[in-house]
Amino acid sequence: MRIRAIAEGDLEELQALARETGVGFTSLPDNRDFLAARIASTVSAFEERTPRDQRLYFFVLEDEETGRLAGCCAVEGQVGREIPFYHYRLGTLAHSSVQLDLHRTIDTLFLSSDHTGDAEVASLFLRRAYRGVDRRLQRNGALLSMMRWLFMAEFRDRFPEKVLAEMRGVFDAHGKSPFWECLGSHFFPLDFDEADRLTGLGQKSFIGELMPKFPIYTPFLSEQARACIGQVHEQTRPALAMLKQQGLRWEGFIDIFDGGPTVEAYIDDVRGVRLSRHCRVEVRPERHAPTDRPRWLAATTEMARFRAAWLGQGPDANDVVTLDETEARRLEVATGDTLRILDTEKEA
């Protein structure tokens with residue numbers, strides 16, 4: 001398995017991925033024209049023909065044996081510069097009565113665009129056939145999630161100070177969002193799927209136009225809707241756990257449609273950015289023994305030919321990492337080249 005930038009020839013496979021994502025996955029809608037535009041945008045970004053605040057870096061996880069795309073992920077250079085980027089911010093209002101000697105604090109939701117200009121890690125999806133309890137399958141999701149930190153570390157000057165990730169919120173057994181049914185449905189003359197589709201296509205201006213500008217008191221929401229605030233979809237829990245391990249945390253921002261949390265961090269504080277480092281490559285013909293749980297993640301250092309994959313072993317005391325010919329071919333490197341590597345099991 002290896003990571004590479006998406007290419008124009010991946011449109012059919014990308015649309016197949018989009019069809020499998022399910023409700024609430026706004027960043028990968030099943031719309032061929034939109035997906036083709038995302039591919040074109042990525043090609044332009046990797047060729048550095050797009051302004052830095054508009055760059056999208058979209059990656060795919062490729063199964064070398066079959067040629068299929070097993071999953072995808074992306075990094076947005078900056079959000080909210082062209083299209084407003086909205087959240088609810090969970091806050092508190094205090095009310096008191098001196099005469100009655102009473103004091104109350106009430107949770108509120110404020111419409112916010114506080115993350116304008118931040119980078120975003122998004123669109124992480126792994127096909128069901130490539131997930132599972134098998135340790136080798138478990139490493140596929142980790143590869144998709146963590147390679148983005150190596151990419152951002154290597155090309156640090158392309159990104160701002162902070163990074164965020166929007167997490168899919170809670171849906172019931174019928175695919176309904178209790179948070180949406182209680183709140184958003186009263187302000188938008190649309191069902192959730194249509195609002196979700198429009199948001200995924202980048203048509204977000206209606207949010208600011210139709211949502212209330214005043215704080216929403218959460219006690220007015222149903223018990224089911226309040227229980228969704230800051231909670232994630234069951235399929236999103238592994239992705240959230242990996243982000244937390246990297247140092248991203250919830251600071252009280254939620255999705256305005258499904259109530260899912262937005263986690264964030266300063267990029268330079270992210271574990272994968274702080275601990276990754278450069279090593280020199282040496283290629284030898286001896287094949288490494290396969291391992292069920294590889295710990296060393298490697299990424300190339302050229303934007304135009306970016307690749308990422310697991311390695312069978314780490315570097316020596318001189319920061320030389322030995323690759324067998326299969327690994328070198330997978331990453332498209334040769335003796336003397338440089339890799340950025342990360343020991344994924346090293347303590348922060």
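## Strand β10 and its partners

In this predicted model, R249 of strand β9 has E264 of strand β10 as its bridge partner. Strand β9 covers residues 249-254, and its antiparallel pairing with β10 extends over 4 bridges; two strands are taken to pair if DSSP finds at least two bridges between them. Helices (H or I, at least four residues) and strands (E, at least two) are DSSP runs, numbered from the N terminus. The hairpin of β9 and β10 has 6 residues between the strands, and G259 adopts a positive phi near 80 degrees there.

Strand β10 also pairs with β7 (residues 162-166), again antiparallel, through 5 bridges. Within that pairing, K162 is matched with Y266 of β10. Of the 6 residues of β10 (261-266), 5 are buried; buried denotes under 20% relative accessible area, exposed over 50%, and partly exposed the range in between (1.4 Å probe, protein chains only).

## Basis of the model

Residues are numbered from 1 along each chain as its sequence is written, and side-chain values use heavy atoms, with hydrogens and water left out. Because the model is predicted, local features need pLDDT of at least 70 and side-chain atom pairs count only at pLDDT 80 or more, whereas totals for chains, interfaces and linings use all residues.

## Nonpolar cores

The largest nonpolar core holds 48 residues, and the members that touch the most others are Y57, F59, W149, F151, M152 and F306. Such a core is a set of buried Ala, Val, Leu, Ile, Met, Phe, Trp, Tyr and Cys residues joined through side-chain atoms within 4.5 Å. Helix α3 (residues 135-154) makes the greatest contribution to this core, with 10 residues. In soluble globular proteins, nonpolar side chains tend to be buried together.

Residues up to four places away in sequence being set aside, W149 touches V121, V163, L243, Q246, L248, V270, G272 and V273, where contact requires heavy atoms within 4.5 Å. A separate core of 20 residues lies apart from the largest one and includes F171, L183, F188 and I256.

## Helix α8

Helix α8 (residues 237-245) has A239, L240, M242 and L243 as its buried residues. These residues line one face of the helix, because they fall within an arc of 160 degrees when α8 is seen down its axis; the arc is that of the directions from the helix axis to the C-beta atoms. R237, K244 and Q245 are exposed on the other side of α8. Just after the helix, G247 has a positive phi of about 105 degrees.

## Salt bridges

The structure contains 23 salt bridges, each defined by a side-chain nitrogen of Lys or Arg within 4 Å of a carboxyl oxygen of Asp or Glu. In the pair R158 and E48, the closest N and O atoms are 2.9 Å apart. This pair connects distant parts of the chain, 110 residues apart: R158 is in the loop between α3 and β7, and E48 is in the loop between α2 (32-46) and β2 (56-62). R158 is buried at 15% relative accessible area, whereas E48 is partly exposed at 37%.

D268 and R156 form another salt bridge, with an N to O distance of 2.8 Å. Here too distant parts of the chain are linked, the residues being 112 apart: D268 is in the loop between β10 and α9 (271-275), and R156 is in the loop between α3 and β7. Both are partly exposed, D268 at 46% and R156 at 21%. R249, in addition to its place in the β9 strand, forms a salt bridge with E251 at 2.6 Å, N to O. R249 is partly exposed at 43%, as is E251 at 40%. Salt bridges with shared partners also join R2, R4, D10, E62, R307 and E332 into one network.

## Helix α10 and R330

R330 belongs to helix α10 (residues 325-331) and is buried, with 16% relative accessibility. Beyond its neighbours within four places in sequence, R330 contacts M1, R2, E64, R307 and A309.

## Cysteines

The whole structure has 0 disulfides, a disulfide being a pair of cysteine sulfur atoms within 2.5 Å. For C72, the nearest cysteine sulfur is that of C73, 7.1 Å away. C72 is buried, at 0% relative accessible area. The sulfur of C182 is too far for a bond, because the closest cysteine sulfur, in C228, is 9.4 Å from it.
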